Amino acid sequence: MSLDSLAPAIFVLLWSTGWIVAKYAAMHAGPLTFLTIRYGLSAVAFAALCGISGARWPRGRMAIFHAVWSGVFLHGAYLGGLWWAIANGVPAGLSGVIAALQPLFTALAAPYLVGERLRPIQKFGLLIGFIGIAIAISPKLLSTDAANLGHAAVPLVVNLMAMVAVTYGTLYQKRHLQHGDLRSIATLQYVGALAVTLPLAFAFEDLHFDASAAAFVALAWSVFGLSMGAVALLLYLIRKGQVSRAASLIYLIPPTVAAQAAIAFGEPLTVPLMVGTAVVASGVYLTNRRAAAQAPRAAAAQ
């Protein structure tokens with residue numbers, strides 16, 4: 001099987017572990033502090049990879065700016081806001097609903113920012129995916145009382161802004177970074193992410209990191225499994241396909257996280273979760289499938 005066919009599944013499996021790592025990391029460090037260390041190490045690791053493999057660096061100030069600026073939103077604002085919001089009381093289920101809105105926002109914004117048009121079947125797939133997410137996390141939503149929601153008003157806004165940030169970052173990546181070496185681009189993106197979390201960690205946290213074995217394991221996986229492995233695949237997917245189709249993979253994250261949490265923490269797999277997962281899979285398939293007529297037309301054109 002080719003990388004094009006395997007990349008989406010590998011990305012979902014890798015990226016979904018981020019929520020598991022976040023739960024472990026929260027026991028050992030502040031969210032912004034942990035992300036600052038992660039981004040710094042990721043930038044160094046990617047820079048070393050660039051040096052060893054002879055990667056080409058972007059030429060010109062604007063090319064460098066595009067890479068750094070996309071990292072500000074794709075990594076810094078997105079994960080920084082998401083981790084901070086969850087650490088400050090946003091229920092995981094509600095955060096999942098907000099994150100699941102990203103493909104819809106991407107699909108709505110793509111025609112205006114990158115000139116990308118969706119076919120009716122893709123629009124229907126996005127809707128089906130969102131319905132599946134709602135079914136899957138409905139028990140968590142129903143268990144969240146009004147008092148807790150009111151108390152988490154500010155973190156909720158931050159969580160929503162994080163979703164908007166990653167939507168903008170994905171579209172910006174598609175528009176301005178279609179060419180160039182992904183290894184050097186990723187290095188500069190983590191510099192941009194570090195520019196977001198470093199001052200915020202100094203301003204709002206005590207820079208606590210307990211340096212335990214568990215903390216270092218979580219950090220190692222965050223750098224090599226997530227920042228290098230999963231993010232490299234995400235950049236590859238954005239470059240190779242439609243941004244709306246790449247974003248639709250986010251629909252598969254919450255069900256996959258739930259399955260991993262059941263193994264790691266003993267959290268129950270509910271009927272709504274299993275039904276929602278099936279609906280989500282259907283929505284993702286509809287959004288990512290290619291029109292059957294495209295292949296014959298392409299062959300005829302050759």
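I started with Met 62 and found it in helix α3. The model is a predicted one. I then asked whether Met 62 is buried or exposed. Its relative accessibility is 51%, and exposed means over 50%, so Met 62 counts as exposed.

Next I looked at the surroundings of Met 62. Together with Phe 65, Trp 69 and Tyr 168, Met 62 forms a nonpolar patch on the surface. I noted an accessible area of about 380 Å² for the four residues together. Which element gives the largest share of the nonpolar patch? Helix α3, residues 61-87, does, with three residues.

I moved on to Gly 192, which I placed in helix α9, residues 182-204. The relative accessible area of Gly 192 is 0%, and buried means under 20%, so I entered this glycine as buried. Which residues is Gly 192 in contact with, leaving aside neighbours within four places in sequence? I listed Val 68, Gly 71 and Val 72. I also looked up the pair Gly 192 and His 66: they are 126 residues apart along the chain, and their C-alpha atoms are separated by 10.0 Å.

I then went to the largest nonpolar core, which has 43 residues. Which of them touch the most other members? I wrote down Phe 11, Trp 15, Phe 34, Tyr 78, Leu 79 and Trp 83. Two or more residues of this core come from each of α1 (3-25), α2 (31-53), α3, α8 (153-176), α9, α10 and α12 (253-265). The largest share, 13 residues, is from α10.

I picked Tyr 78 for a contact list. Not counting residues up to four places away in sequence, Tyr 78 touches Trp 15, Trp 19, Phe 73, Ala 162, Ala 165 and Val 166. Apart from the largest core I found another core, of seven residues, including Ile 133, Ala 136, Ile 137 and Val 284.

My last entries concern backbone angles in the loop between α9 and α10 (213-240), where Leu 207 is found. Leu 207 has a positive phi, near 60°, and is a residue other than glycine. I noted Leu 207 as partly exposed, at a relative accessible area of 38%. Ala 211 also lies in the loop between α9 and α10. Ala 211 is not a glycine either, yet its phi is positive, about 55°. At 44% relative accessibility, I entered Ala 211 as partly exposed.

How values were computed. Residues numbered from 1 in each chain as written. Predicted model: local features only at pLDDT ≥ 70, side-chain atom pairs only at ≥ 80, totals over all residues. Heavy atoms only, no water. Patch = residues over 30% accessible without salt bridge, like charges linked within 9 Å, V, L, I, M, F, W, Y side chains within 5 Å. Areas by Shrake-Rupley, 256 points an atom, 1.4 Å probe, with all protein chains shown as cover. Salt bridge = Lys/Arg side-chain N within 4 Å of Asp/Glu carboxyl O. Helix = DSSP H or I, 4+ residues; strand = E, 2+ residues; numbered from the N terminus. Buried < 20%, exposed > 50% of the residue type's maximum accessible area, 1.4 Å probe, protein only. Contact = heavy atoms within 4.5 Å. Core = buried A, V, L, I, M, F, W, Y, C linked by side-chain atoms within 4.5 Å.
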